[in-house]
Amino acid sequence: MEALLSVLIGVMIASAVYLLLRARIFPVVLGLSLLGYAVNIFLFASGRLQLGSAPLVEHGLAQLPDPLPQALVLTAIVIGFGMTAFLVVLALRALREFGNDAVDGGDKP
Amino acid sequence: MNHLVLLPVLIPLLSGSLLLLTGRAGKTVERSIGLVATVALLLVAVVLLVRVGGGELMVYYNGNWPAPYGIVLVVDRLSALMLTLAAVLAVASLLYAINGDDELGPRFHLLFQMQLLGINGAFLTGDLFNLFVFFEILLIASYALQLHGGGRTRVRAALHIVVLNLAGSAIFLIAIGAIYAVTGTLNLADLAVKVATTGVEQAGLLRAGGLLLLVVFALKAALVPLGFWLPPAYAAASAPAAALFAIMTKVGVYAILRVHGLVFGPDAGAAASLLTPWLLPIGLLTVVVATLGVLASRELRRLLAHLIVLSAGTLILTLGLDSEAATSAALYYTLNSTLVGGGLFLLADLIARERGEAQARLDREQTVARPALLGTLFFVGAVGIAGLPPLAGFAAKLYILQSAFLHTGASWVFSVVLLSGLLVIIALSRAGSALFWRTGNSAVLEAGAGLLPAIATTLLLFGTAALMLGGGMATAFTQATAAQLADRTVYIDAVMSNLSIVPSPHREGGS
């Protein structure tokens with residue numbers, strides 16, 4: 001499972017970097033979202049992966065899951081969501097100002 | 001437990017919320033709330049500075065949770081010093097802004113307080129994840145402040161900053177995940193203990209995490225090769241925002257000093273002195289690139305933005321010298337460069353207003369309405385930032401060079417710092433003569449701003465003179481700060497000593 005997860009994270013980050021390097025607003029927003037997802041899964045995995053465990057606490061369970069990464073992921077999701085919303089609004093404003101969707105916003109059409 | 005520690009976070013948060021509620025109550029109310037809150041912040045910061053001056057750390061356990069489990073805020077000499085510096089800068093920027101710049105766009109005062117919340121939180125937190133959270137608060141406020149006033153150049157610069165910093169946040173989280181996976185803690189004091197005992201087999205992940213943190217902090221501090229977003233952004237930002245931003249690169253440098261000094265210090269086991277080989281070359285390179293930027297600038301504000309990068313580079317190369325004297329020198333340099341840098345941004349705006357169409361461009365002939373006042377201020381600022389005697393910039397630079405004397409890289413430090421100093425003097429004198437002497441017989445435009453902005457600018461620029469007059473006191477404090485940072489056990493013991501506090505519903509209040 002660890003191998004599968006690491007490959008998954010790797011593929012997501014690679015796709016995100018590709019999208020970021022397109023330097024057009026919409027791919028960049030998608031890329032940043034994808035990067036956020038990959039990072040969240042990575043954070044989640046930093047608390048070790050366990051199968052068949054309780055979500056947080058259960059009596060009689062020998063090994064309890066680590067709750068901290070879950071809290072971190074939750075915070076990261078909220079912050080990432082807010083930032084993406086801001087970026088989309090800013091991108092729309094840039095589109096209006098420059099008339100094109102290049103992140104460099106060049107004056108060229 | 002001392003609740004005073006919470007105030008630098010609480011004051012901007014509450015006043016910001018109040019500003020949100022009184023959004024339509026008119027500018028007088030907004031300005032009063034903003035000003036009262038910021039002055040109160042300055043007072044609190046000074047009280048904290050005095051309280052921790054003796055060497056005792058103040059630790060605040062949120063909700064009375066014991067150290068490695070709960071969230072802690074820590075004030076040591078370094079935090080208190082940075083808090084005070086930020087508050088001074090904020091008061092001056094706000095004084096400048098209430099002359100009319102706050103009306104360029106909506107909600108300036110709210111954003112200003114949120115920016116302060118993020119900055120203060122970053123200086124106070126004793127926890128890696130909360131450093132991330134406060135960074136995000138600081139950043140999202142800075143995006144909006146960057147946009148304050150609107151216009152094409154601001155939108156473009158803001159778009160760059162947002163995309164870059166979102167990628168930076170992702171890297172920050174990856175670093176946090178990697179470090180947590182190895183150590184199982186994010187409390188800085190606890191991390192320092194755990195990292196020191198980490199085995200070699202897990203050191204790779206830990207070192208990767210530490211170096212990723214350097215990438216993030218270098219992005220914030222605008223170091224080469226991650227700092228090219230800064231000059232266009234700061235040059236485009238409105239004056240009070242740009243002046244406050246002068247502390248933002250220092251937040252990045254602070255984070256490097258705090259996290260890497262504490263967690264990846266010389267006795268950090270397999271990850272010991274992780275950054276020492278990196279900081280000096282990065283700092284030198286940043287200084288070189290920024291000096292070229294200063295020379296190539298055709299506009300005063302862009303020149304100043306490059307000077308901000310230059311000061312961040314100088315700080316990093318000084319920290320790269322990795323000695324107590326160097327840390328002390330870096331702190332003294334921080335005080336001077338932040339105050340003067342912020343003051344010069346305000347001054348550039350005053351100059352730009354009085355030159356009409358020519359703005360602050362250095363290649364147009366246009367005289368200013370108050371050449372005596374602005375010329376004098378420019379002279380003081382230039383002398384202060386370029387490091388000429390008799391102002392504090394000179395003492396700071398001398399102090400840095402003195403601390404580099406016995407280092408193996410001393411020849412590089414000396415040649416780069418001195419040569420860059422010379423080139424900066426040339427660039428600044430060229431700028432000064434373009435602005436104040438080579439003005440032809442162009443028509444004099446009316447003075448754009450009243451007395452208040454000039455007072456705010458003077459306050460910051462003469463900070464360098466105050467630092468020179470109080471130089472003995474200032475360096476004594478920075479030396480004590482450096483000594484406190486070098487002795488990591490003080491910090492660790494102060495934070496971790498409260499393991500016995502267990503929160504319980506039956507207990508009355510705090511300890």
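Helices, as the term is used here, are DSSP runs of at least four residues, numbered from the N terminus, and it is on this basis that helix H13 of chain B is named in the account below, which concerns a predicted model.

Helix H13 of chain B covers residues 300-320 and contains 21 residues. From its first C-alpha to its last it reaches 30 Å, which is close to the 30 Å expected at 1.5 Å a residue. A residue is counted as buried if 20 or more other C-beta atoms lie within 10 Å of its own, and 21 of the 21 residues of H13(B) are buried, so that this helix is largely enclosed by the rest of the structure. Just after H13(B) comes B:Asp322, whose phi is positive, at about 60°, although B:Asp322 is not a glycine. This residue lies in the loop between H13 and helix H14 (324-354) of chain B, and because B:Asp322 has 18 C-beta neighbours inside 10 Å, it counts as partly exposed.

A positive phi is also found at B:Asn64, where the angle is about 65° and the residue is again not a glycine. B:Asn64 is placed in the loop between strand E1 (58-61) and strand E2 (72-75) of chain B, and with 17 C-beta neighbours inside 10 Å it counts as partly exposed.

The packing of two further helices of chain B was then examined. The axes of helix H12 (residues 276-296) and helix H17 (residues 410-436) of chain B come within 9 Å and cross at roughly 15°; since angles under 35 degrees count as roughly parallel, H12(B) and H17(B) are therefore roughly parallel to each other. Their crossing is left-handed. On the side of H12(B), the contact is made by B:Leu284, B:Val287, B:Val288, B:Thr291, B:Val294 and B:Leu295, while H17(B) contributes B:Trp412, B:Val416, B:Val417, B:Ser420, B:Leu423, B:Val424 and B:Ala427. When the residues of this contact are divided by character, eleven are nonpolar, two are polar and none is charged.

Two cis peptide bonds were also identified in loops of chain B. In one case the bond runs from B:Val224 to B:Pro225, with omega near 5°, and B:Pro225 has its place in the loop between helix H8 (203-221) and helix H9 (230-236) of chain B. In the other case the bond joins B:Pro389 and B:Pro390, with omega at about 10°, and B:Pro390 is found in the loop between helix H15 (371-386) and helix H16 (392-404) of chain B.

Note on methods:
Residues are numbered from 1 along each chain as its sequence is written. Chains are lettered from A and ligands numbered from 1 in the order in which they are written. This is a predicted model: local features need pLDDT of at least 70, side-chain atom pairs count only at pLDDT 80 or more; totals for chains, interfaces and linings use all residues. The expected span of a helix is 1.5 Å times one less than its number of residues. A residue is buried if 20 or more other C-beta atoms lie within 10 Å of its own, exposed if 12 or fewer, and partly exposed in between; C-beta atoms are placed from the backbone. Axes are lines fitted to C-alpha atoms, for helices over the stretch in contact, and angles run from 0 to 180 degrees between N-to-C directions. Angles under 35 degrees count as roughly parallel, over 145 as roughly antiparallel, 65 to 115 as roughly perpendicular and the rest as oblique. A crossing is left-handed if the near helix is turned anticlockwise from the far one by less than a right angle, and right-handed if clockwise. Two residues are in contact if their C-beta atoms, placed from the backbone, lie within 7 Å. Ala, Val, Leu, Ile, Met, Phe, Trp, Tyr, Cys and Pro count as nonpolar, Asp, Glu, Lys and Arg as charged, and the others, Gly among them, as polar.
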